[in-house]
Structures are given as structure tokens and as C-alpha cells.
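Work through the exercises below with the coordinates open. Each task is followed by a solution in steps.

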Amino acid sequence: MTEPTITSWKKWEYDKGGHPRDILHLKTVEGSPCPAAPASIRPHEVCIAVSYSAMNPVAYKMMTDFPSIMVKRPCVPEMDFSGIVYEVGKEAQNEFKKGDEVFGMIPGDDQMKTGHGTLSQFIVVPSQYVVRKPSNISLKDVACLPLTGLTCLQSLVDTCKLSSGGRVFINGGSGGVGVMAIQIAKEVVGPEGFIVTSCSGKNVDLVKSLGANTAIDYTACDLIDYLQTNYNDAPFDGIMDNVGSGTDLFRASPAFLKPGGVYAMVGVQTGDGTMSMLRFGGSIAATLMRPTWLGGVDRKLVVDMMKFSKEKLLRIASLAESGKLRAIIDSTFPFSDVLPAYELMMSHRARGKIVVEVAGDHTSSSSSSSLSSQ
């Protein structure tokens, strides 16, 4: 069967900073995504017909907070994807072939330099950023795993140095990163370990089902007072902060974080605009530089920026394949409704991941026609 010729395709992009509703637009690109392929793509690259793109807060922060000097524009937002291999560069042919179901991500530093993102019907990426999809995981679910999974592995294992029997507090356990952090922490610390997380009361059952031993309803108590009262005698080996709403929790951490323990800040709530990001960065810098005799904190704070690792992404795939890691999806939006998806994400009310269905669970033989018709 001859594949239909693609004459046009679509992608979301922005060419200035601001709120997604004001700057994002859906652009139609005339012509093939890989004209005269595979000669048009570099030897180490693959062209992928995107099935799903999972959303992450860093994408809207790049729009609202990052100055233009940091992000190449026009820029296509989002980093996570799943899809079908459409074309393969010569050097990547020993790993992938046309029609393979795959998933992966475009790392943030790459996206900021190139302007490439995954809210696009087609993407061309280095094969280093792509792995095969486990056969027992759906294209939708697997799209949710890369950025959050890699972030959690790095923060819990590399930064906090957790191991079997460890104790960890995960601040913000029901969001897109938090639900992944609990599951990976459970795998890392094992049955002898102890996982505490925070969430609203309606999400307590969810986080416990994922592996949390204790869930603190932050709406029903003062979180810092609760931690100081209940974990002063049994402090944590590490803290992973997915909320990042300030430095108060870190400043209080000596009461419930072991000496030598690490406080990994992953989530950063900066508000809207470059100045808010700079103010937050200044607050973190001031906290880090202040000596303990002037009120500084006698614990290590790391603002954890995820570094891509294909080895870790393969581990994420293995954990998912074995049933130890599953996607928790709050909502799925069609490709045409990206703007409402960002409104939900920016409300901070999503439980788990928000996913955009770019082409859905198409097959390699029908992907071309289904994509071009959207």
C-alpha cells in the first residue's frame, strides 16, 4: 500500500512572550514534513508523526516568564511525545524503522536553542531522544512518562541519594510530577522505605494507591507545623519539592530533614512575567548565600534542572512495561483545543497529566491521511 502524500501539516507556535491565550496560534505548513526524505534529515535524526503530546508547566513558563534572549522564536511548545516513526536517517536505521511506535522528549535546553517542540503533527528529532514504546503501554499513556519520569529519577536518586529503606517527603503528590515521584520513590526505597506526601483531601486516596505511606492534607493543617511536629524525631533523608511556592519550607527543613539530607526543588511557581522569575531566583540565591550564623539554613538546597539521559528513559520504559509505573491522566484535549488545556494547567487544579491528542492511536499506514485532515 502506497502512503498518501502529505501536502500540508500543522503546528502550534508563538513568536513573542505572554499568556498562551494571547500568543499561541495554529500554523499550517505547506509541503511535506520531510521533503525528499531521508536525504532531508540528518543521519542521526528521525521524523515522527506525533500521536500525543503531554503537557508540562515549564512550557507555559517559557511563554510567560522567559525573556526572548533565552528562547528561540518562533517556538513550538511542549517537550513530551509519542508517535509513529515516519522517516529515519541513515545512522538511526540500526535502531528504528518506519512504522515503529516510539516515545521520547525534546529536552528544554534543546528546545530553547532550536524552537522545536511537540505540539506539532510532525517532529524531526535526534534518535538519542527517542526510545521504542513498550508493547503493553498505550501511546497516550507513554507520552506522559519522559519529562516527569526523568525529573523524578534524577531528583530522588541522583540528587537526594535515596536508596532502599530511605525516607522521603514529596511536596505536591497529586500533580503531573508528584504522581510519578511517588511511584518511582516506591521503587527506589522499597518496602522498608517510608514515603510522605502532601495533597488536598480529595486526592489522598489516589496518592496512597500509588505508594505513599502517609498523605498530608495541606488544606486542613499548616504543612510546616505538621512536619515539624510529626517528623522531628524521624526526619527524612531527602525532600522533593514539586510546588516551589517559596523558600519557607526549605528554611524550616532542619526540623524534619536529616543533616546531610538534600532538599531538591523541582517545581517553581513564579507568577507571570520575567520579573517574577528574576525575583524568585534572587530569593533562592539570597537563601543559599546566607551563612547559618546570619539565619541561613544548615541543609543543602538544589534547584534541580532535569538533564536528559537515554539510559534513564530506557529505565522509565522498563518500569512502565513491568507495571511499576503508570500514567495518571487528568484530561485529554484535541489538537485544536490547546488553549483550554493551558488554562487548566495554569489553574494548578489538574490531578495528574494533561494530554493533547495530536493524531491519537493512528497506525503507520493511516497516519499521513489522518494528520493532514485535522
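**Exercise 1.** Which residue in S12 does Ile239 stand opposite?

Solution. The model is predicted: local features need pLDDT of at least 70 and side-chain atom pairs count only at pLDDT 80 or more, while totals for chains, interfaces and linings use all residues. Residues are numbered from 1 along each chain as its sequence is written, and side-chain values use heavy atoms, with hydrogens and water left out.

Step 1. Locate the strands, which like helices are DSSP runs numbered from the N terminus (helices: H or I, at least four residues; strands: E, at least two). S11 covers residues 236-241 and S12 covers residues 257-265.
Step 2. Check the pairing, for which DSSP must find at least two bridges between two strands. S11 and S12 pair in the parallel sense over 5 bridges.
Step 3. Read off the partner: Ile239 stands opposite Tyr263.

**Exercise 2.** Find the residue of S13 that Tyr263 stands opposite.

Solution.
Step 1. Strand S13 (residues 300-303) runs parallel to S12, and 4 bridges join the two.
Step 2. In S13, the residue opposite Tyr263 is Leu301.

**Exercise 3.** Why is helix H2 described as largely enclosed by the rest of the structure?

Solution.
Step 1. Set the classes by relative accessible area: buried is under 20%, exposed is over 50%, and partly exposed is in between (1.4 Å probe, protein chains only).
Step 2. List the buried residues of H2: Ala59, Tyr60, Lys61, Met62, Met63 and Thr64.
Step 3. The helix spans residues 57-64, and because 6 of its 8 residues are buried, H2 is largely enclosed by the rest of the structure.

**Exercise 4.** Characterise the salt bridges Glu87–Lys98, Glu187–Lys324 and Asp298–Arg299.

Solution.
Step 1. Apply the criterion: a side-chain nitrogen of Lys or Arg within 4 Å of a carboxyl oxygen of Asp or Glu. The structure holds 14 such salt bridges.
Step 2. Glu87 and Lys98 meet at 3.5 Å, N to O. Glu87 lies in strand S4 (residues 80-88) and Lys98 in the loop between S4 and strand S5 (101-105), 11 residues apart. Glu87 is buried at 13% relative accessibility, whereas Lys98 is partly exposed at 46%.
Step 3. For Glu187 and Lys324, the closest N and O atoms are 3.6 Å apart. Glu187 belongs to helix H6 (residues 176-189) and Lys324 to the loop between helix H11 (310-321) and strand S14 (329-334), so the pair ties together parts 137 residues apart in sequence. Glu187 is partly exposed at 32%, and Lys324 is partly exposed at 44%.
Step 4. For Asp298 and Arg299 the closest N and O atoms are 3.8 Å apart. Asp298 is exposed at 54%, whereas Arg299 is buried at 13%.
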